[in-house]
Amino acid sequence: MATHIMSIARNTIPNASGNGALTFKILNGTNGVYDDAQIYWAVLGMSNNRWNYLDRYGQLQPISMALNDAPGHLSKNGVNYANIYTRVSEVNWVNLPKIVSGRMFLSVGSPCFIKTHDNGFAGPDLNNTSDPNRDVYYDFIEFTIDNSGYHGNTTRVDAFGFPLQHRLVNRAGHFDRTVGELENETRDGLFAKFIHEVPEEFKALAEIQAPYRIVAPMHGSFAPGKKNEKYFDAYSHNKYTTSQILLCNGPLAQEPEIGSAINRHVYQGNTKDISQYYKSSPANYYAKFWHDHSIDQLAYGFAYDDYNGQASYLEIGDPKALIIRIGWNGSVNTSGPTISTRAIALRSNANGKFVCAENGGSSSLIANRDNPQGWETFDLITLNGNNIALKSHANGQYVSVQNGGDGPLIANRSQVKSWETFKLVDRGNGKVALVAVNGKYVCADNFGNSELVANRANVDSWETFDLVPK
């Protein structure tokens, strides 16, 4: 069964039919924790100036108050709710027509409990302790499909429920992109990493509604009247409240540059220099965490996180298919001892030379040495499964793929995050390949004469290395 977000080949994706603008599929990536009959989806949105839901046949159906009491309705705590859900086991690919302000609700173990009205719906309310979805594992994506194409994103603006990957493919065949959490991240691992990585003020966000979700700051101690209600106030010279900054509302409602700058702690700096984001406190470390653990470091951690192209947002004018993968649990080692560490050297099959952390680690990695000495030796640290990190003996720093894959490999990081995590691919006979955070293979470019980069979709000799024990 295909569970990897890229395991579905483009040429096997069916075209939409009838009134479908594209076709979509939900992938079960829970590793057997939930079967397809326990995973639910529901699509709600506007079409022809009224609210509709999508049935399993790809047809939009109007919603209403009466739907809550219709045959087959859901009930919880004595209250009836509309049954607008489809199990993943019930359908493979589904036509998705044009729809505005769409939301695709995804849940495991139970459907969500959403009250439909004649002119809208009441979705989950994180601030309501008696909300019927309080003990439901759910998440959602947002999208619009109109005459200009598909426009959609994953979102962490309110909360994190489980890892999601959101893949969009176009009809012409030149667009195939995925956003969302890194596929090697697991739900348990992200909860543990969140508590380990964020400052003290933010840690409780992973505990307030655990084990169901990690909530955004405004659903925790940053709300008015609570402990951290003035977290950002002084940094903004008391011009804006912490609530206005986190929600990007009030006087910041029409100020995306200012609102995002304060969240990223570049209010008094270059608002477009990504390398300076989240360098100092106060900052929205909740949002930073999702960037650190997402594909291409793109995430929607607050309302104006799309400023300067930082959001997990995809759009294309000729959409063919949308594939959503739901991830789940596994064992991820975060703050404790690693599973194993061993000293190795990497010999490139491009030129037979050993990979070197040049200039004592201050320059990019390059395969240019005949014999492995200190600069050519790395600790290979097993993190979980096939995920590893490389720590250079030249300077004691971890090897990182710069700018999430847009730059070369260099040993310049003191801790392991997404850019320092690689998937080790066994090629047999002691040969391996390395997949970086961007999903590309590490390459000894130009027959090994150029610095190591992660920019190849397929494996050949330039992307293959001998793993030599030290």
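# A tour by selection

Start by selecting Pro211, which sits in the loop between helix 2 (200–203) and strand 17 (214–215). Before you read too much into the geometry, keep in mind that this is a predicted model. Now show the backbone of Ala210 as well: the peptide bond joining Ala210 and Pro211 is cis, with omega at about 5 degrees.

Next, jump to Pro282. You'll find Pro282 in the loop between helix 4 (256–263) and helix 5. Put Ser281 on screen too, since the bond from Ser281 to Pro282 is cis, with omega near 5 degrees.

One more backbone stop: Asn48. Look in the loop between strand 2 (39–47) and strand 3 (50–54). Asn48 isn't a glycine, yet its phi is positive, about 55 degrees. As background for these stops, most residues other than glycine have a negative phi, and most peptide bonds are trans.

**Zoom out to the domains**

Colour 10–216 + 276–327 as domain 1 and 341–469 as domain 2. Drop a marker at each C-alpha centre and the domain 1 and domain 2 markers will be 35 Å apart. For the contacts across the boundary, 8 residues of domain 1 meet 9 residues of domain 2.

While you're at it, try selecting 19–328, the range UniProt lists for "domain: GH64" in an unreviewed entry. Over residues 19–328 the chain is 12% helix and 31% strand. The end C-alpha atoms of that stretch are 33 Å apart.

**The largest pocket**

Turn on a surface and hunt for the largest pocket, with about 1200 Å³ of space in it. To centre your view, select His4, Met6, Glu183, Val435 and Gly439, the closest to the pocket centre of the 41 residues that line it. Then add strand 16 (176–180), strand 19 (319–327) and strand 27 (422–428), the elements that each give two or more residues to this lining. Colour the lining of the largest pocket by class and you get 13 nonpolar, 20 polar and 8 charged residues.

Why does the largest pocket lie between domain 1 and domain 2? Because domain 1 (10–216 + 276–327) and domain 2 (341–469) both give residues to its lining.

**The second largest pocket**

Move on to the second largest pocket, with about 870 Å³ of space. Here the selection to make is Ile274, Asp292, Gln297, Arg413 and Trp419, the closest to the centre among 26 lining residues. Which element gives the most to the lining of the second largest pocket? Highlight helix 5 (residues 285–292): it gives the most, with 3 residues. By class, the lining of the second largest pocket splits into 5 nonpolar, 13 polar and 8 charged residues. Both domain 1 and domain 2 give residues to the lining of the second largest pocket, so this pocket lies between them too.

**Last stop: Asn438**

Finish at Asn438, in the loop between strand 28 (431–435) and strand 29 (441–444). Show sticks for its neighbours: leaving out residues up to four places away in sequence, Asn438 touches Asp296, Gly404, Gly405 and Ala454. What does the side chain of Asn438 reach at 3.0 Å? Follow it to the backbone oxygen of Ala454. Before you close the session, run a distance from Asn438 to Asn403: they are 35 residues apart in sequence, and 9.8 Å apart C-alpha to C-alpha.

Technical notes
Residues numbered from 1 in each chain as written. Predicted model: local features only at pLDDT ≥ 70, side-chain atom pairs only at ≥ 80, totals over all residues. Heavy atoms only, no water. Helix = DSSP H or I, 4+ residues; strand = E, 2+ residues; numbered from the N terminus. Contact = heavy atoms within 4.5 Å. Polar contact = N/O pair within 3.5 Å; in protein donor to acceptor, adjacent residues only side chain to side chain. 1 Å grid on protein atoms, 1.4 Å probe; cavity = no way out; pocket = protein on both sides within 12 Å on 5 of 7 lines; lining within 4 Å. Points joined across faces, edges and corners; volume = space filled by probe spheres on them. Nonpolar A, V, L, I, M, F, W, Y, C, P; charged D, E, K, R; others polar. Domains from an automatic or database assignment. UniProt positions renumbered as here; feature names shortened; annotations may be inferred.
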